[in-house]
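I am opening a notebook page for this model. My plan is to go through the sheet, the buried positions, the charged pairs and the surface.

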Amino acid sequence: MLALFQGRKEAPRLGTLRQLALFSTLSRLELRVVDGLLHERRFLKGEIIFDEGEEGQALHVVIAGRVLICKQGDPVDGRVTEIDAGVAFGSSRSSRTRRARCRRRAEEDCVLASLSRGDLESLLVTHAVIASKILLQLARQLGRQLRDRSMAAERRAL
């Protein structure tokens, strides 16, 4: 009977999630718990993911493709940044209303996995270790992004 479970292959999506920095520290069992909470959505190139002024309700991870963040109505000159596969964005960090200051749209066909604010809060209660691992990875990602932007600003100032 044990041989039946040892020979089982991991679902393709779990393999993809395991390679993302946000979930890289999770065990196989922990990753399955999170996978059950994620909602996968597909967007076509140019499709709006969420618009300026909308309330952030979820943490999104780009599974495939690329997302453009730009000022509304100005996708060329108003380009803020691009988010590549493997990177998280969005807002599910607090219960206070946070409104997007920029438009998020699919730069190319993309797949997002979203974790709602409510599911993240439930995860904190029911599986605190899993939630803390995810939040630590998110903090590391945000720290890297802040450092990279600071370094880029310094180079421009020179």
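In which order do the strands of the open sheet lie, and how do they pair? I read the order as 2-7-4-5, four strands with antiparallel pairing. Next I looked for the edges. They are strand 2 (48-50) and strand 5 (79-84), each of which pairs on one side only. I also took the turn between neighbouring strands of this sheet, which averages 30 degrees with direction ignored. I keep in mind that this is a predicted model.

**Whole chain**

I then stepped back to the full chain. I count 5 helices and 8 strands. Along the sequence the pattern reads α-α-α-β-β-β-β-β-β-β-β-α-α. Of the 158 residues, 36% are buried. For contacts with a separation of 6 or more, I find that 73% join residues 24 or more positions apart. The exposed area of the chain comes to about 9700 Å², and carbon and sulfur atoms supply 53% of that.

**Strands 4 and 7**

I went back to the sheet for one pairing. Strand 4 (residues 66-70) and strand 7 (residues 103-106) run antiparallel and are joined by 4 bridges. I picked L68, which sits in strand 4. Its partner across in strand 7 is R105.

Is L68 buried or exposed? I class L68 as buried because its relative accessibility is 0%, and the cut-off for buried is under 20%. I also checked L68 against V80. The two are 12 residues apart in sequence, and their C-alpha atoms are 7.8 Å apart in space.

**E107**

R105 led me on to E107. I place E107 in the loop between strand 7 and strand 8 (110-116). E107 forms a salt bridge with R105, with 3.9 Å between the closest N and O atoms. Both E107 and R105 are buried. For E107 I have the value: 14% relative accessibility, so it counts as buried.

What does E107 touch beyond its neighbours within four places in sequence? I list K45, R66, V67, L68, R79 and E82. L68 thus turns up again, this time as a contact of E107.

**Other salt bridges**

I searched the whole structure and got 8 salt bridges. I followed up E40 with R42, where the closest N and O atoms are 3.3 Å apart. E40 is partly exposed, because its relative accessible area is 35%. R42 has 61%, so I note it as exposed. Which residues share a salt-bridge network with this pair? I find R13 and D35 linked with E40 and R42.

I also looked at D148 and R147. They form a salt bridge with 3.6 Å between the closest N and O atoms. D148 is at 42% relative accessibility and counts as partly exposed. R147 is partly exposed too, with a relative accessible area of 45%.

**Nonpolar surface**

Last, I checked the surface for a nonpolar patch. I find one of about 270 Å², made by L124, V125 and L135. L124 belongs to helix 4 (residues 117-126). How accessible is L124, and what class does that give? Its relative accessible area is 40%, so I enter L124 as partly exposed. A patch residue needs over 30% relative accessible area, and the 40% of L124 meets that.

Key. Residues numbered from 1 in each chain as written. Predicted model: local features only at pLDDT ≥ 70, side-chain atom pairs only at ≥ 80, totals over all residues. Heavy atoms only, no water. Patch = residues over 30% accessible without salt bridge, like charges linked within 9 Å, V, L, I, M, F, W, Y side chains within 5 Å. Areas by Shrake-Rupley, 256 points an atom, 1.4 Å probe, with all protein chains shown as cover. Salt bridge = Lys/Arg side-chain N within 4 Å of Asp/Glu carboxyl O. Helix = DSSP H or I, 4+ residues; strand = E, 2+ residues; numbered from the N terminus. Buried < 20%, exposed > 50% of the residue type's maximum accessible area, 1.4 Å probe, protein only. Pairing = 2+ DSSP bridges. Axes fitted to C-alpha atoms, helices over the stretch in contact; angles between N-to-C directions. Contact = heavy atoms within 4.5 Å.
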